[in-house]
Amino acid sequence: MKIQEADAKSLLLAQGLPVPPWAVARTAAQARTAAERFLAGGAEEVVIKAQVLVGGRGKAGGVKLASEPAEAERIASSILGMDIKGITVRKVLVAAAADIVREVYLACVLDRDARKVLFMGAAQGGVEIEALAAEDPDAITYLHAHPHLGLLDYQARLLAFQLGLDAHLKDAVTVAQGLYATMLDNDADLVEVNPLAIVRERGTDGSAVERLQCLDAKITLDDSALHRHPGLEELRDLDEEDPVDIEARAQGISFIRLEGDIGCMVNGAGLAMATMDLVKRAGGQPANFLDIGGGARSDKVAAAMRLILADPSVRAILVNIFGGIARGDEVARGLVEARSQQARHVPMVVRIVGTNADLAADILRGSEGIETATSLDEAVEKAVAASRREMAPA
Ligand code: GDP
Ligand code: MN
């Protein structure tokens, strides 16, 4: 799950990292009020930033500076409602603009192959790391944190030197270790600060001082660990989620959309994967992974059907249910009912084995548009064939 910059900054702040204060505004008037506050507090300019879950907002025109409240209001009203990479901006972040001396890149990600936390750093920040990696791969420093002891002091210092932060060694070590702590405490799989900036500020005596600030933050949380962090679930931004994903979660169905045209409805994650493997082996392409979960009552079957059919590329549906706790007849009834409510009639191939499989077969027999199969191989073959037939007009 991706979270917005403002929420990511809250998590960094909670670890004691240096993040300049901000406000979130949903209207231009709110942005103006926030700007007034920062400008009255001594800021020469404020920065106004689109809050959307994509990178490169700056390039897309979603990050702008203003030096007057009225200008801040104007800019906020132009950013709110803006389309950035297909997403409509609904909120902006407002903060005192930093006087940037230099921008660096620092992030940690879960390296699944190494089973360690991998730090990535670049002395040249601000730009998207993918672009830098393609252009100048040697400009990126990689370093694995210790699997048990975390990012050791000498490792953090090594990163700092490689980012050219010699003059800010202590702060850089704090930031790097803070990123690690943020990752661990929240079960994140990515914590990225880009830019981590050396900014110029005025000291109490009016002289200029330079210090590090996290000016942008991107955090991705591990969905499978969210149950351990009830507070983080609230950071989910439903505005930016695929409605199909929202519906799947509400129904307790594991659903992942894929590229193919054969919709799969299966109970059990392992069986679902095996079913997809067999579809591929038979020359077909699964349109989704779907584990309907335990029980598989008829309302859940209907919900699963809706999820599958929401994808317009689905040309056939393969149902593979192993009746244990799930009763075959209940699933079959659910299928017939769901089919009668279907707006789009897609051919369906059903294999139900186990508890009440014979009753299921009775229910499905003679049901228009539903083919049955006894073995999984047969079901897969029929589904692949059905996906290749000309579809009858709806
Ligand atoms: P992104 O484009 O989505 O990664 O958004 P960022 O928050 O990283 O902003 C993009 C760029 O805008 C940064 O790399 C900075 O160059 C600039 N920027 C962001 N915040 C400030 C700020 O407070 N002051 C100044 N002068 N520039 C900023
Ligand atoms: Mn950025």
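**Close-up 1. Strand β16, covered on both faces.** In this predicted model, strand β16 takes in residues 288–291 and has cover on each of its two sides. N288 and L290 sit on one side, F289 and D291 on the other, and all of them are buried. For a partner, look to strand β14 (residues 254–257): the pair runs antiparallel and is held together by 4 bridges. Zoom in on L290 of β16 and you'll find F255 standing opposite.

**Close-up 2. An open sheet of 4 strands.** Reading across, the order is β2-β7-β3-β4, and the pairing is antiparallel. The edges belong to β2 (22–25) and β4 (63–66), each of which pairs on one side only. Neighbours in this sheet are turned by 25° against each other on average, ignoring direction. Helix α3 (residues 69–79) packs on the sheet, where it touches β3 (46–50), β4 and β7. Compare directions and α3 makes about 165° with β4.

**Close-up 3. Where β2 meets β7.** Here's the β2 edge of that sheet again, this time with its partner β7 (residues 92–96). The two strands run antiparallel, with 4 bridges joining them. Which residue of β7 is the bridge partner of W22? That would be A95.

**Close-up 4. T141 and its contacts.** T141 belongs to strand β10, which covers residues 140–144. Is T141 buried or exposed? Its relative accessibility is 16%, so T141 counts as buried, the cut-off being under 20%. Leaving out residues up to four places away in sequence, T141 touches F119, M120, G121, L159 and Q162.

**Close-up 5. Stepping back to the chain as a whole.** Zoom out from the details and the secondary structure adds up to 13 helices and 19 strands. The C-alpha trace spans about 85 × 50 × 40 Å along its principal axes. There are 394 residues, and 49% of them are buried. Take the contacts between residues at least 6 apart in sequence: 67% of these join residues at least 24 apart. The accessible surface is about 18,800 Å², with 52% of that belonging to carbon and sulfur atoms. As for charge, the chain has 42 positive and 57 negative ones, and the mean positions of the two sets are 2 Å apart.

Note on methods: Residues are numbered from 1 along each chain as its sequence is written. Chains are lettered from A and ligands numbered from 1 in the order in which they are written. This is a predicted model: local features need pLDDT of at least 70, side-chain atom pairs count only at pLDDT 80 or more; totals for chains, interfaces and linings use all residues. Side-chain values use heavy atoms; hydrogens and water are left out. Buried means under 20% relative accessible area, exposed over 50%, partly exposed in between (1.4 Å probe, protein chains only). Contact means heavy atoms within 4.5 Å. Accessible areas come from the Shrake-Rupley method with a 1.4 Å probe; for residues, only the protein chains shown count as cover. Lys and Arg count as positive and Asp and Glu as negative; His and the chain ends are not counted. The place of a charge is taken as NZ of Lys, CZ of Arg, CG of Asp or CD of Glu. Two strands pair if DSSP finds at least two bridges between them. Axes are lines fitted to C-alpha atoms, for helices over the stretch in contact, and angles run from 0 to 180 degrees between N-to-C directions.
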